[in-house]
Amino acid sequence: GAPNVSTATAVREQHGHDESMHPCAPPDVVVWPQAVGQVQELAALCHRCRVPMVPFGTGTGLEGGVNAVQGGVCFDLSRMDGITELSLEDFSVTVEPGVTRKALNKHLRGTGLWFPVGTVGRRGVVGLGVTALGRLGM
């Protein structure tokens, strides 16, 4: 519905670039799925209609990976911010793609663990290009 879909120019332009030197290439539409099932349904629809899909975390990438050079649908995953599993025994955590390093460390507070990768407080954990598995520090 409307709060989860936008074709507004400003929103599309915000999602059509990151911190790289590449020029803005906005998608045709931005959607904010909030559950894995929604992502699956949207991806299946895009696949059937041969529409490009572009994932978007926080827009802090340096490679131009969010630029929708062929238009399409931008999947803004920032609302999928759950921390679904934490294993203190094997130092692993399962997170949804919208979880930030700051949010993860807040969740870990009191356990003796932290996620030390990255220097930008709002950068997404998944957007760092690493998995939290084996990266939790003591």
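A convenient place to enter this structure is C24, which is partly exposed, with a relative accessibility of 38%. C74 gives a useful contrast, since C74 is buried at a relative accessible area of 1%. No disulfides are present anywhere in the structure. The model described here is a predicted one, and the account below moves from the overall layout to the strands and then to the cores.

The protein contains three helices and six strands. Read from the N terminus, these elements follow the order β-α-β-α-β-β-β-β-α. Of the 138 residues in the protein, 35% are buried. The accessible surface amounts to about 8100 Å², and carbon and sulfur atoms account for 55% of that surface. Among contacts with a separation of 6 or more, 50% link residues that lie 24 or more positions apart.

Helix α2 covers residues 36-49 and has 14 residues. At 1.5 Å a residue, this helix should span 20 Å, and its end C-alpha atoms are indeed 20 Å apart, so the expected and modelled spans agree. Just beyond α2 comes R50, whose phi is positive, at about 55°.

Strand β4 is a good landmark for a newcomer, and its neighbours can be taken in turn. On one side of β4, V73 and F75 are buried, and on the other side C74 and D76 are buried as well, so that both faces of the strand are covered. Strand β2 runs parallel to β4, and three bridges join the two. Within this pairing, V29 has V73 as its bridge partner in β4. Strand β3, made of residues 53-56, also runs parallel to β4 and is joined to it by four bridges. Here F56 has D76 as its bridge partner, while M53 stands opposite V73.

The side chains of β3 show an alternating pattern. V54 and F56 point to one face and are buried, whereas M53 and P55 point to the other face and are not buried. The contrast with β4, where both faces are covered, is easy to follow when the two strands are viewed together.

What makes up the largest nonpolar core? This core has seven residues in all, namely V29, V31, C46, V73, F75, L77 and M80. Strands β2 (29-31) and β4 (73-76) each supply at least two of its residues. A second core of six residues lies apart from this one, and its members include V93, V95, L104 and F115.

V73 deserves a separate word, as it appears in several of these descriptions. Leaving aside residues up to four places away in sequence, V73 touches P27, V29, V31, C46, V51, P52, M53 and V54. Among these contacts, V29 is also the bridge partner of V73, and M53 is the residue that stands opposite V73. V29, V31 and C46 are, together with V73, members of the largest nonpolar core.

The passage closes with R101, which is located in helix α3, a helix of residues 101-108. Is R101 buried or exposed? With a relative accessible area of 16%, R101 falls under the 20% limit and is therefore buried. R101 and F115 are separated by 14 residues in sequence, and their C-alpha atoms are 6.7 Å apart in space. F115 is itself one of the members of the six-residue core.

Conventions:
Residues numbered from 1 in each chain as written. Predicted model: local features only at pLDDT ≥ 70, side-chain atom pairs only at ≥ 80, totals over all residues. Heavy atoms only, no water. Buried < 20%, exposed > 50% of the residue type's maximum accessible area, 1.4 Å probe, protein only. Disulfide = S-S within 2.5 Å. Core = buried A, V, L, I, M, F, W, Y, C linked by side-chain atoms within 4.5 Å. Contact = heavy atoms within 4.5 Å. Areas by Shrake-Rupley, 256 points an atom, 1.4 Å probe, with all protein chains shown as cover. Expected span 1.5 Å × (residues − 1). Pairing = 2+ DSSP bridges.
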